Structures are given as C-alpha cells and as structure tokens.
Amino acid sequence: MKRASTAYLLTCAVLGVAGGLLLAPANWLSTALYATVPFFSIAIAGLWLLPAIIALRLIQRPGAGLLVGVISGLVLAPFSGYGFTTVATNVWWAFFAEIGFLVVGYRFWTIWQHYAGAVVVGIAYPILARQSFALDTYPLGLQIVFFVLTLASCLAATAIGIAIAAALRRAGVGAAARRRPQAVESQAA
C-alpha cells in the first residue's frame, strides 16, 4: 500500500473545508425546510454529494470522496445543530459518490460512474428516509414526485460537481494529487 502524498492530503483538506463551508447554509436551510415543509427539503439533498464528487472527479484516487466527506463533516459540525452526527451524514453521502468506482475496484474513472452513484443514492435515500418523512401518509403520486425530486437533486448536484472539477482541473488545481497513469509511474521508478 502506498502512502498518501502531501499534495493529495492537502487537496482533500481544501476540498473538504470548502465543502463544509458550502454545506453550512444548506444544512440550516434543509433543517428549516424539514421543519416547515419536509417534502421540499429533499430538493437540496444532492448538495451533500458535491464535495465528494468534486474530489473524486478532480483527484481520481480511491477514498478521496470519503476523506473529503469526513473533513467536510468535521468542518460542518460546529455550525450544525446536529453536532458530530454531520460527519456520519457527510460520509454516508460520500460513500454513494464513491460507490460507482468501488464496484469496479477503482480501475477506471468515467463520468457515468458518478451518475451511477447519484442514481443509487437518489433511489436509496427516499427508501431509507421513508419513515422520517412519513412518506406513507402521502398519496402514491406525491411519493413518486418525492423520488423524482430526490433523484433530480442528486443528478443535478453530480453535474455541477463534475463541472466544478473540470474548471478546477483546467486551472491546474489538484494536478500533483492525481494518480499518474501506470506507464508514467513505471518510467519514473
């Protein structure tokens, strides 16, 4: 197992801090929406995927999404009314951002893998949160809208995360943290 480079760790730290700061107002907005109109709080659920998606797309290394999820959760914890449970929440969302790469052993990095993770969490979240949102009390049509809204939020956040990562890559951010292709690694050794 190779050691993590300083560039990799610092890039993940910066992305995690930025993600935590982005999620702070989203967390309060989500809490307020959940308390007043819970059905609509789901419209911003995909934002919790953003930090991990940006990290995975930018760095393309196993665990980058989870590490950024931990860091963004730690940054968010003091600003959240939920304390350190926000770390678990951020890691949970980061896992789904990472799952499309995990299932193929991190052998390749394509855009569709990001969207596959978004689809999985877009379907899993409403099922797992069914009781807390009292989805069974809604008519079937509204339950379907809830699923569609969750899925749309996750897919939109994924598209935004991919676009942000592309812009960061064009600016040269994270170049030293990315995994080099095998041919380059063997030549450098």
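## Close-up views of the helices

**View 1. Two cysteines sit in the interior.** C154 counts as buried, at 0% relative accessibility (buried means under 20% relative accessible area, exposed over 50% and partly exposed in between, with a 1.4 Å probe and protein chains only). C12 is buried too, with a relative accessibility of 0%. The structure holds zero disulfides (a disulfide is a pair of cysteine sulfur atoms within 2.5 Å). A word on what you are looking at: this is a predicted model, in which local features need pLDDT of at least 70 and side-chain atom pairs count only at pLDDT 80 or more, while totals for chains, interfaces and linings use all residues. Residues are numbered from 1 along each chain as its sequence is written, and side-chain values use heavy atoms, leaving out hydrogens and water.

**View 2. Helix 3 is largely enclosed by the rest of the structure.** Here 10 of the 10 residues of helix 3 are buried (helices are DSSP runs of H or I with at least four residues, strands are runs of E with at least two, and both are numbered from the N terminus). Look for L50, P51, A52, I53, I54, A55, L56, R57, L58 and I59, the buried residues of helix 3. They pack against helix 1 (6–36), helix 4, helix 5, helix 6 and helix 7 (contact means heavy atoms within 4.5 Å).

**View 3. Meet L58, a residue of helix 3.** The relative accessible area of L58 is 0%, so L58 is buried. Leaving aside residues up to four places away in sequence, L58 touches T11, L15, A165, L168, R169, V173, G174 and R178. V37 makes a nice contrast: L58 and V37 are 21 residues apart in sequence, and their C-alpha atoms are 35 Å apart in space.

**View 4. Helix 3 packs on helix 7.** The axes of helix 3 (residues 50–59) and helix 7 (residues 140–170) are 8 Å apart and meet at an angle of about 45 degrees (axes are lines fitted to C-alpha atoms, for helices over the stretch in contact, with angles from 0 to 180 degrees between N-to-C directions). That makes helix 3 oblique to helix 7 (under 35 degrees is roughly parallel, over 145 roughly antiparallel, 65 to 115 roughly perpendicular, and the rest oblique). On the helix 3 side, the contact is made by L50, I53, I54, R57 and L58. Helix 7 brings A157, T158, I160, G161, I162, I164, A165, L168 and R169.

**View 5. Helix 5 packs on helix 6.** Their axes are 7 Å apart, at an angle of about 140 degrees. The two helices are therefore oblique to each other. W92, W93, F96, I99, G100 and F101 of helix 5 contact Q113, H114, G117, V120, V121, A124, Y125 and L128 of helix 6.

**View 6. Two loop residues have a positive phi.** Most residues other than glycine have a negative phi. Q60, not a glycine, has a positive phi of about 55 degrees. Find Q60 in the loop between helix 3 and helix 4 (64–76); at 18% relative accessibility, Q60 counts as buried. Y106, also not a glycine, has a positive phi of about 60 degrees. Y106 lies in the loop between helix 5 (85–102) and helix 6 (111–128), and is buried, with a relative accessible area of 15%.
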